[in-house]
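Morning, everyone. Please have the viewer open and follow along as I talk.

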Amino acid sequence: MELFKLFFCSMWEIFQLLAPFMLIGLLLAGMIHVFIPRYMIQRLMGGKGLLSVITSAAIGIPLPICSCAVVPVSIELHRKGASKPSIMSFLITTPESGTDSIMITWGLLGPFMAIARPIASFFSALLAGFFAVCLLKDNDKNNVGEKKDSGCHDHGEKCFDDEGYVGIFQCFKRIWNYAFKKMADEIVFSLLVGLLLASLIIIAFPDNLAMYGLEKGIIPMLIMLAASVPLYMCASASTPIAAALIVKGISPGAAMVFLLAGPATNVTTITMLTKQFGGRFVRIYLACIIAGALISGYLFDYLLVLSGICIVPTMSMDNHSIIGTFQWVSALLLIALMIWRFWNGAARTGLKDLSNNVFVLLRKETGSKP
């Protein structure tokens, strides 16, 4: 009985802590979606060299697109003229970071790790883009210029008319529809799974994993890599899990490996990318994600030692009355949002995605047997 009580208390406290940052992140995601036109992204990603790789990696950092959605977006961008190296860098930074996950990282793990996370993602993307430029032949005939601009885009549609007021209303409507419907539908199920796993880690794992040799070094990083690569866990949902692991004694560098490798890889995404871009593309993609995550994790731990900075996850609520009230209100609003979206099909979609991913993983394993 005590374990159940500890489980739900831990989940509620983590939920209250991340709720304000989650809502703010979703709002920012909606604003980015509305005010940044897609044709601008297509133009910036159209080059063939390292400059387009750098630009694509930078574009992907704030965009609120998970690993399930980034594949069709990348396919469309490739058809519109984006090169394979730029697509690869975009595929890495976009699911590994985002306004929502950066905000949650700030809330649970502090500003230093919130800043380090997108930087590490950017490094992995540059690494992949560099090898893609050197090793991939981008001879595909993209449909560049076949479709003229119709004046209506998924991103960046006009928000203001001559009067101004109707346009503002349309802006808010589009922000609301994207942030608290479409984006929420992609996140709420995996966020709930992440909360459940984080709470399970708190009650099931021993208080000091350092006793088992898992505090630092390459071994815990490899364990995090093996746990994160096959199955889907979005950037937002992986953050409370990483925070719980650090509380139990895993090094912040090993947690960083989990935060980088988990959101960018899963069996379904790998299958889709192989079909669209080929095996050579996927091999470079996976190798650079793994190498980038391990290098970033090791360097992050080393930097913490040199600087004397300590990553202490915030896993309990603030006692200040105003902040506590804000957390309660945010938590209730997020609960209402999750119930609403689950009622409208997000739960079914999440369960279907999870079962499909597990099915593909099991099919690959059984298919490899003689």
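What share of the 370 residues of the protein counts as buried? The figure is 51%. Keep in mind that this is a predicted model.

Let me start with the overall layout. The protein has 14 helices and zero strands. Read along the sequence, the pattern is α-α-α-α-α-α-α-α-α-α-α-α-α-α. The accessible surface comes to about 18100 Å². Carbon and sulfur atoms account for 69% of that surface. Now the contacts. Take those between residues at least 6 apart in sequence: 87% of them join residues at least 24 apart.

Next, helix H6. H6 spans residues 99-109. How many of its 11 residues are buried? Eight of them are, so the helix is mostly covered. The buried ones are Thr99, Asp100, Ser101, Ile104, Thr105, Gly107, Leu108 and Leu109. Just after H6 comes Gly110, with a positive phi of about 95°.

What packs against H6? I will take two partners, beginning with H1.

Helix H1 covers residues 2-35. The axes of H1 and H6 lie 7 Å apart, at an angle of about 155°. Angles over 145 degrees count as roughly antiparallel, so H1 and H6 are roughly antiparallel to each other. Their crossing is right-handed. On the H1 side, the contact uses Leu17, Leu18, Phe21, Met22, Ile24, Gly25, Leu26, Leu28, Ala29 and Ile32. On the H6 side, it uses Thr99, Asp100, Met103, Ile104, Trp106, Gly107 and Leu108. By class, that contact has 13 nonpolar residues, three polar and one charged.

The second partner is H10, residues 235-247. Here the axes come within 9 Å and cross at roughly 20°. Under 35 degrees counts as roughly parallel, so H6 and H10 are roughly parallel to each other. This crossing is right-handed. From H6, the residues are Asp100, Ser101, Ile104, Thr105, Leu108 and Leu109. They meet Ala235, Ser236, Thr239, Pro240, Ala243 and Ile246 in H10. The split is seven nonpolar, four polar and one charged.

Look at Asp100 for a moment. Asp100 is among the buried residues of H6. Asp100 is in the contact with H1, and Asp100 is also in the contact with H10. Ile104 and Leu108 are likewise in the H1 contact and in the H10 contact.

On to helix H7, residues 111-135. I picked two positions there.

One is Ala120, in H7. Is Ala120 buried or exposed? Its relative accessible area is 9%. The cut-off for buried is under 20%, so Ala120 is buried. Which residues does Ala120 touch, leaving aside those up to four places away in sequence? They are Met256, Leu260 and Ser296. Now a sequence-versus-space check. Ala120 and Val257 are 137 residues apart in sequence. In space, C-alpha to C-alpha, Ala120 and Val257 are 9.5 Å apart.

The other position is Ser124, also in H7. Ser124 has 0% relative accessibility, so it counts as buried. Again leaving out residues up to four places away, Ser124 touches Ile92, Cys288, Gly292, Ala293 and Ser296. Notice Ser296: it touches Ser124, and it touches Ala120 too.

To recap. H6 runs roughly antiparallel to H1 and roughly parallel to H10. In H7, Ala120 is buried, and so is Ser124. Thanks, I will take questions now.

Methods
Residues are numbered from 1 along each chain as its sequence is written. This is a predicted model: local features need pLDDT of at least 70, side-chain atom pairs count only at pLDDT 80 or more; totals for chains, interfaces and linings use all residues. Side-chain values use heavy atoms; hydrogens and water are left out. Axes are lines fitted to C-alpha atoms, for helices over the stretch in contact, and angles run from 0 to 180 degrees between N-to-C directions. Helices (H or I, at least four residues) and strands (E, at least two) are DSSP runs, numbered from the N terminus. Angles under 35 degrees count as roughly parallel, over 145 as roughly antiparallel, 65 to 115 as roughly perpendicular and the rest as oblique. A crossing is left-handed if the near helix is turned anticlockwise from the far one by less than a right angle, and right-handed if clockwise. Contact means heavy atoms within 4.5 Å. Ala, Val, Leu, Ile, Met, Phe, Trp, Tyr, Cys and Pro count as nonpolar, Asp, Glu, Lys and Arg as charged, and the others, Gly among them, as polar. Buried means under 20% relative accessible area, exposed over 50%, partly exposed in between (1.4 Å probe, protein chains only). Accessible areas come from the Shrake-Rupley method with a 1.4 Å probe; for residues, only the protein chains shown count as cover.
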